[in-house]
Amino acid sequence: MTGTSDEDERWMRRCVELARVAAAQGEVPVGAVVVRDGVALGEGHNLCETLGDATQHAELIALRAAFATVGEGRLPGAVVYCSLEPCFMCAGAILHARADRIVFGAHDPKFGACGSLADLPTDRRLNHRCPVHGGLLADEVAALMRGFFRELRQTRPDTGPRG
């Protein structure tokens, strides 16, 4: 894992803002931003419930926006910031995009593929690897997640763990 900078914290704060937008829309509060040379190329928040599509994760939405911005399907030199540790699907997409680094907030012990359940970005069997830093603003992100799911359980008692 690599260290973080003030710039990393700035972009992670943007991810938290996007996660709050997601929560306000009834989505699991996850936000993501793709940055290269200090410029946001794309950003997004979860839209799985809104669009009825389990693949509408914040990271994939941010990647798609970044691809549209640069006009190509690879993002060398980019850093992908995520409020929550990327899952297998998102970590794989980030690697296919050839991002240089991943920075995330809270670890995800149930689905995380950047250190929790697996560590895809550093797996030597893959042809592209990138460093990962997890835990930036982790307490703030974890509190947001806990609050969201507490509220969800209170308003929808039938809602239990998925997957």
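Helix axes here are lines fitted to C-alpha atoms over the stretch in contact, with angles taken between N-to-C directions. On that footing, in this predicted model, helix H1 (residues 6–24) and helix H5 (residues 138–155) have axes that come within 11 Å and cross at roughly 5°. Since angles under 35 degrees count as roughly parallel, H1 and H5 are therefore roughly parallel to each other. On the H1 side, the contact is made by Arg 13, Val 16, Ala 19, Arg 20 and Ala 23, and these meet Glu 140, Val 141, Leu 144 and Phe 148 in H5. Sorted by class, the contact of H1 with H5 comes out at 6 nonpolar and 3 charged residues, with no polar ones.

Now for the hairpin. Strand E1 (residues 31–36) runs antiparallel to strand E2 (residues 39–45), and 6 bridges join the two. One of the pairings puts Val 35 opposite Ala 40, its bridge partner in E2. Just 2 residues sit between the strands, and in this hairpin Asp 37 takes a positive phi near 55°.

That leaves the core. The largest nonpolar core has 44 residues, and the members touching the most others are Met 12, Val 34, Leu 63, Leu 75, Val 80 and Tyr 81. Two or more residues come from each of H1, E1, helix H3 (58–70), strand E3 (78–84), helix H4 (88–96), strand E4 (101–106) and H5. E3 gives the most, with 6 residues. As for Met 12, setting aside residues up to four places away in sequence, it touches Tyr 81, Cys 82, Ser 83, Val 103, Phe 104, Gly 105, Leu 136 and Leu 137.

Notes. Residues are numbered from 1 along each chain as its sequence is written. This is a predicted model: local features need pLDDT of at least 70, side-chain atom pairs count only at pLDDT 80 or more; totals for chains, interfaces and linings use all residues. Side-chain values use heavy atoms; hydrogens and water are left out. Axes are lines fitted to C-alpha atoms, for helices over the stretch in contact, and angles run from 0 to 180 degrees between N-to-C directions. Helices (H or I, at least four residues) and strands (E, at least two) are DSSP runs, numbered from the N terminus. Angles under 35 degrees count as roughly parallel, over 145 as roughly antiparallel, 65 to 115 as roughly perpendicular and the rest as oblique. Contact means heavy atoms within 4.5 Å. Ala, Val, Leu, Ile, Met, Phe, Trp, Tyr, Cys and Pro count as nonpolar, Asp, Glu, Lys and Arg as charged, and the others, Gly among them, as polar. Two strands pair if DSSP finds at least two bridges between them. A nonpolar core is a set of buried Ala, Val, Leu, Ile, Met, Phe, Trp, Tyr and Cys residues joined through side-chain atoms within 4.5 Å. Buried means under 20% relative accessible area, exposed over 50%, partly exposed in between (1.4 Å probe, protein chains only).
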